[in-house]
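Me: Please take a close look at how the interior of this model is packed. Start from a single residue and work outwards.

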Amino acid sequence: MSSPHMRHPEEEELLRFVDGELPARASSQVRSHLEACWQCRAQLEELQSTIGQCVSYRKNVLHRHLQPPTPWPDIYTKFAEIDASIEHPSLLTRAARFLSWPLQNTRKWAPVAVALLIVWGLWWSRFRITPSVQAAELLQKAIVAADTHPAMAHRLDIRTKTRHITRTTAKVTNAVEDSALQSIQALFVAANYNWDDPLSAKSFEAWRDHLAERTDQVTDQHDSYQIRTDAGSGELKDATLTLRSQDLAPLAGRFEFSNQEWVEITAIADETIAPTQPIAATHEPAPESHASAPAVATSPAPSFSLTPGDELHVLASLHNAGADLGDPIEISRTSSEILVTGIGISPTRQRDIQSAIGAQPHVTVHFLESAPSSATSEKNAKPSTDNTASPDLRQFQSRVADQIGGRANFEQLASDVLDLSEPMMSRVYALRRLAERFPAATESQLSAPDRQLLHQIQAEHIAGLRQQTSELSRLLKPVLSSVRGSAATSELASSSWQPATEELFQAARRLDKLLAVMFGAAPGESVGDRLPADLLASLTQFRAMVEGYTRVSSKLER
Amino acid sequence: MNLQDQVAQLFEEARDDVYRYLLSLGLHPPQAQEAAQEVFLRLYVTMKKGETIQNPRAWIFRVAHNFGLKTRTKQNTQGSFDPNIEYQITAPELNPEQSLLEREQKLRFHKAVERLSEQQRRCLFLRLEGLRYPEIGAALGISPSAVGEFLRRAIAKLKKDEL
């Protein structure tokens, strides 16, 4: 295989290698290097020994508590309770029937009825089906209301644990950076909550809509409704929005973050101001307040906001430079800046990327060195166990080698296949990034030309993928031609491209893993007779999925 | 296999791991047990709604993690559970065959684990439960590459302290 004498892998690379998190090609390189380099093998050994310590830590420390305080309950009973509670109306009627049982039976039946009511009540409060519907409805109405009465530029009163400031919501074109609100902004951005318009039903609903799980609570306070959504997870764990009953205008919001910070935002009533003069007044915190709270200094409010479209343009530039394939680059967007971060990228490549992005406004590019690896301590160097393929796999590989005319051919094939699988995975990762950064809701905010741009980038990746997979099939043909496998092709389950991308991604990962096992770049569980059939099935399925995916995405282009 | 059997089997297989993970988050044993059970019931409810879960184990730990943290904030008055302290007390009779030196070494390692940052520890514990980087990332709301970096730092720190 090519270049066994590569540089010594970084420690993180070694860790990723043993954890099977490296792409097949890189993994194969590290493997060849390890075969050649004692020093790195010793380092790997050390790493494994630390991992071993962690495992015994897990075993020892919690050993005493492995037996929970009470025996585990019969989970089927709980399932039955859930099933009963989901069909709550019938249960309610039953409970009512129990309660209206003849008086002489009260002593006998009342406890049962009460117990049933309690069970029902518990599950009711746990799942809150109605509040969730109520909340969704209310928010939807509030969004419509807000759309029909476009908001005037109004002022917001923002309080945190320690600060009290005022900002305007007006989006005026004033490029002054707002360092004052940045720490608060960072909290909202991290939580995926639209900071440009924090006090609106739309932003609240957008955030709420993306939660994996949530509990809603709606309280009617005669002149206002309060919607409280408990996210249960994520940066923003709990948010409350108060809407005026009369016109569903947002009055206040309270946001509780996972780091114990909270932010309260209140609209300052009917006080419209000239949008060109954003005001931000700061009151010094009380002396006893914590220094760790977000520091807010006097500064004008953010006055423009970057959209998903802006992010797409940056991504398109990177795409044109091929920098969305395999380069470790991350893009993130706040309301005031698009941040492009590259890690461990060579200086030449850095210049390419820099010039591809050019002088787009509000884009910050920065490059980080990859994490420095700690020097191998020679004193601990000890002979290492062999880290090469298992005898089973070796045997299997030589069988394949015989089939295609010798070891040299096999090595060549392995190298070609792994050379191909890496860019293939890069394509899939690039598609996945598109799906993640532009979910349906975000995509719908894009302008028509931007949507077209998005689909053009997507189409280019798909074209690349199709070509790579057919090339892969061609390469593998001599190995797989004799395999009899039930090539069960499965269609994509999703009809929109974002979830379809995830399916495609999972299929690609399976294929990549099998290729890596087959060609000795990664240890695998399924070795031997099943492997070729698995690989054939996986490849056929992946090709079918790529075709299906092409259809899903071209449907959208029109 | 019907849905109940499916979830029951997962419960059987993974409940101890979830329970142990919740202890490592600082939940006291009774709460940890209750929370662990709750996680599987949520899985049941979610699957009953017809959602497909690609990787149930990853899902279980993601929910356990979030639910665990929420429960922990609620038990604030009690202070968080520290399995390490328990270990130090019980270690001698737990491993009578171990030499003093070995035990010393183990205690030193445990101290080192305590000194890891919260995020490093979480990545490490989730990795110990067999989750892959993208799965850990999904549970903690960070990118897989950040998971790699946290793990590297954790391992590097532990290695240094272990010497």
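Reply: Two residues are in contact here if their C-beta atoms, placed from the backbone, lie within 7 Å. The model is predicted, and what follows should be read as a description of that prediction.

Leu515(A) is the starting point. Setting aside neighbours within four places in sequence, Leu515(A) is in contact with Ala24(A), Val417(A) and Ser421(A). Two of the residues just named, Leu515(A) and Val417(A), come up again in the largest nonpolar core, which has 57 residues. Together with Leu504(A), Ala508(A) and Tyr549(A), they touch the most other members of that core.

The elements behind this core belong to chain A: α10 (308–320), β10 (338–343), α11 (347–357), α12 (391–403), α13 (407–437), α15 (448–480), α16 (497–518) and α17 (530–557) each contribute at least two residues. The biggest contributor is α13(A), with 13 residues. In terms of assigned domains, domain 4 (308–368) and domain 5 (391–557) of chain A each provide at least three residues of the core. There is also a second core, separate from this one, with 55 residues; among them are Val18(B), Leu23(B), Ala58(B) and Leu126(B).

One of the helices feeding the largest core, α15(A), can be followed along its length. α15(A) has 33 residues and spans 45 Å from its first C-alpha to its last, close to the 48 Å expected at 1.5 Å a residue. The helix has a kink of about 30° at Arg474(A), shortly before the proline Pro478(A). Its buried residues are Asp450(A), Leu454(A), Ile457(A), Gln458(A), His461(A), Ile462(A), Leu465(A), Gln468(A), Thr469(A), Leu472(A), Leu476(A) and Val479(A). An α-helix has 3.6 residues a turn, so residues three or four places apart point the same way. The list of buried positions includes such steps, for instance Asp450(A), Leu454(A), Ile457(A) and His461(A).

For chain A overall, there are 17 helices and 11 strands. Of its 558 residues, 33% count as buried. Among the contacts in chain A between residues at least 6 apart in sequence, 69% join residues at least 24 apart.

Chain B is built from eight helices and zero strands. Buried residues make up 43% of its 163 residues. Of the contacts in chain B with a separation of 6 or more, 67% are between residues 24 or more positions apart. One example of contact across the sequence is Leu3(B), in helix α1 of chain B. Not counting residues up to four places away, Leu3(B) touches Met47(B) and Lys48(B). The C-alpha atoms of Leu3(B) and Met47(B) are 7.7 Å apart, although 44 residues separate the two along the chain. Leu3(B) nevertheless counts as exposed, because 12 C-beta neighbours lie inside 10 Å and the cut-off for exposed is 12 or fewer.

The two chains also touch each other, with 47 residues from chain B and 39 residues from chain A taking part. On the chain B side, α1 (3–24), α2 (29–48), α3 (56–74), α4 (83–94), α5 (100–115), α6 (118–128) and α8 (144–162) each supply at least two residues. The largest share, 10 residues, comes from α8(B). Sorted by class, the side of chain B that touches chain A consists of 23 nonpolar, 13 polar and 11 charged residues.

Away from the core, two loop residues of chain A deserve a check of the backbone. Most residues other than glycine have a negative phi. Asn192(A) has a positive phi, near 65°, and lies in the loop between α8 (182–190) and α9 (201–209) of chain A. Asn192(A) is partly exposed, with 14 other C-beta atoms within 10 Å. Gln260(A) also has a positive phi, near 75°, and sits in the loop between β6 (250–257) and β7 (262–272) of chain A. Gln260(A) is exposed, because it has 11 other C-beta atoms within 10 Å.

Conventions. Residues numbered from 1 in each chain as written. Chains lettered and ligands numbered in written order. Predicted model: local features only at pLDDT ≥ 70, side-chain atom pairs only at ≥ 80, totals over all residues. Core = buried A, V, L, I, M, F, W, Y, C linked by C-beta atoms within 7 Å. Buried ≥ 20, exposed ≤ 12 C-beta atoms within 10 Å, placed from the backbone. Helix = DSSP H or I, 4+ residues; strand = E, 2+ residues; numbered from the N terminus. Domains from an automatic or database assignment. Nonpolar A, V, L, I, M, F, W, Y, C, P; charged D, E, K, R; others polar. Expected span 1.5 Å × (residues − 1). Bend = angle between axes of the 7 residues up to and from the residue.
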